[in-house]
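Hi,

Here is the structure I promised to pass on, with my notes underneath. Have a look at it first and then read on.

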Amino acid sequence: TSLVMSAFPKADVFLYLDSDALLAFPDKSPTTMYNTLAFDGYGENATSQQLNPGLIVNKPLKRWLCKQCERYGLGHGCFNSGVLLWHRAKAEEILRAWWASRNMNESQNFVDPKNGESFHGWAGDDASRLGNKMGEQNRLMYVYAMDPHVHEAVWPVPRQKSVEFKSESCPDAVDEDHTPCLQNDFQKLVHWNRSKPSCFVSHYANPKQNVVKHAEMMMKHGNLLRG
C-alpha cells in the first residue's frame, strides 16, 4: 500500500482487492465509493457529517467470524480485510501500527473472559503466526481496538446493526437497511450493475469459479458500452 501511494503521488484514494474480489458496478470509482461510505448518516449515533477516515473496511456479512467477534466483544471492530479503501490523509498511522503489530505474540491478543482462550490467528511461533491467513486481518482488528489513533482513523461499514441478531459486528443482510457497504463477502451468485441494494465489491470467497463468471460478465458489459 505504501509503495502504491508513493508511485501515484497525485492520487488520494486507493482500493485494494483480494484476488477473489471484483467490482460490482461499471461506473463507481474508488473516490465515489469513499465519499459515499465516509458519510456518517447510518446506524445509531449517526452525526450526518462527511468524515475523512484513512481506511474504510467492511464487516463480514455472516458466519463463523461474526460469532468470534461477538464472543470477544469487538463491536464495530470486526473486519474482512479482503477489500480495503484507503485515503492518503490518515493512512500512514494505520499502516505503521498495523506493521508494528506483526511482532506481537498471542499474549497481546484478545482473550475470552470466560475461558481465557485467545482470538483465532495469533497462536504458534513467528513462522506459523505470520503465515496464518487470518493473522494480518486479526491484527488490524487488534490495533483498531487498542490504539486510539487507529480507532479514530478507521471507519468500519455498514454501521447499522443486524436486524435479526442485534449485532454491531456483522450486518447479516445486504438490503436498504445495511447499505451502502464496501463488500459483500457472502456472494454466491454472479451479479453485475444491480438496481437492488448492493455493495460496491463482490467478494467470491467460495466457490472461486464465480470470479471467472463475474469477470466474463464485466467484459461483456464493457464491450456493449464500447459498441
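**What I found**

Let me start with a single residue: Asn35 sits in helix H2, which covers residues 30–37. Bear in mind throughout that this is a predicted model. Asn35 counts as partly exposed, because its relative accessibility is 42%. Its C-alpha lies 7.8 Å from the C-alpha of Gln50, and the two residues are 15 apart in sequence.

Now for the whole chain. The protein chain has 8 helices and 9 strands. Of its 227 residues, 45% count as buried. If you take the contacts with a separation of 6 or more, 63% of them are between residues 24 or more positions apart.

**The four-stranded sheet**

This is where I spent most of my time. The sheet is open, has 4 strands in the order S1-S6-S5-S7, and its pairing is mixed. Strand S1 (13–17) and strand S7 (154–157) are the edges; each has a single partner strand, so one side of each has no neighbour in the sheet. From one strand to the next, the twist averages 20°.

Going through the sheet pair by pair:

- S1 and strand S6 (residues 80–87) run antiparallel and are joined by 5 bridges. Val13 stands opposite His87 in S6, and Leu15 has Leu85 in S6 as its bridge partner.
- S5 and S6 also run antiparallel, with 4 bridges joining them. Here Val57 has Leu84 in S6 as its bridge partner.
- S5 and S7 pair in the parallel sense, over 4 bridges. On this side the bridge partner of Val57 is Pro156 in S7.

So how many of the residues of S6 are buried? The count is 8 of the 8, so S6 is largely enclosed by the rest of the structure. One residue to click on there is Ser81, which is found in strand S6. Ser81 has a relative accessible area of 15%, and since the cut-off for buried is under 20%, Ser81 counts as buried. Leaving aside residues up to four places away in sequence, Ser81 touches Tyr16, Val57 and Gln137.

S7 is one of the edge strands, yet both of its faces are covered. Val154 and Pro156 are buried on one side, and Trp155 and Val157 are buried on the other.

**Helix H4 and what it packs on**

Helix H4 (residues 88–100) packs on this sheet and touches S1, strand S5 (55–58), S6 and S7. The direction of H4 makes about 140° with that of S6.

H4 also has a helix to pack against. The axes of H4 and helix H6 (residues 135–146) come within 9 Å and cross at roughly 120°. That angle makes H4 oblique to H6. As for handedness, H4 passes H6 in a right-handed crossing.

Which residues make the contact between H4 and H6? From H4 they are Ile94, Ala97 and Trp98, and these meet Glu136, Arg139, Leu140 and Val143 in H6. By class, that contact has 5 nonpolar residues, 2 charged ones and no polar ones.

**The three-stranded sheet**

There is another open sheet, with 3 strands in the order S2-S9-S8 and mixed pairing. Its edge strands are strand S2 (21–23) and strand S8 (183–184), and each of them pairs on one side only. S2 runs antiparallel to strand S9 (residues 201–203), and 3 bridges join the two. If you want a pair to look at, Leu23 has Val201 in S9 as its bridge partner.

**Where to look**

If you open the model with just a few minutes to spare, I'd go to these places:

- Val57, with its bridge partners Leu84 in S6 and Pro156 in S7.
- H4, which packs on the four-stranded sheet and crosses H6 at roughly 120°.
- Ser81, a buried residue that touches Val57, among others.

Over to you, and happy to go through any of this on a call.

Cheers

Notes. Residues numbered from 1 in each chain as written. Predicted model: local features only at pLDDT ≥ 70, side-chain atom pairs only at ≥ 80, totals over all residues. Heavy atoms only, no water. Pairing = 2+ DSSP bridges. Axes fitted to C-alpha atoms, helices over the stretch in contact; angles between N-to-C directions. Contact = heavy atoms within 4.5 Å. Buried < 20%, exposed > 50% of the residue type's maximum accessible area, 1.4 Å probe, protein only. Parallel < 35°, antiparallel > 145°, perpendicular 65-115°, else oblique. Left-handed = near helix turned anticlockwise from the far one by under 90°. Nonpolar A, V, L, I, M, F, W, Y, C, P; charged D, E, K, R; others polar.
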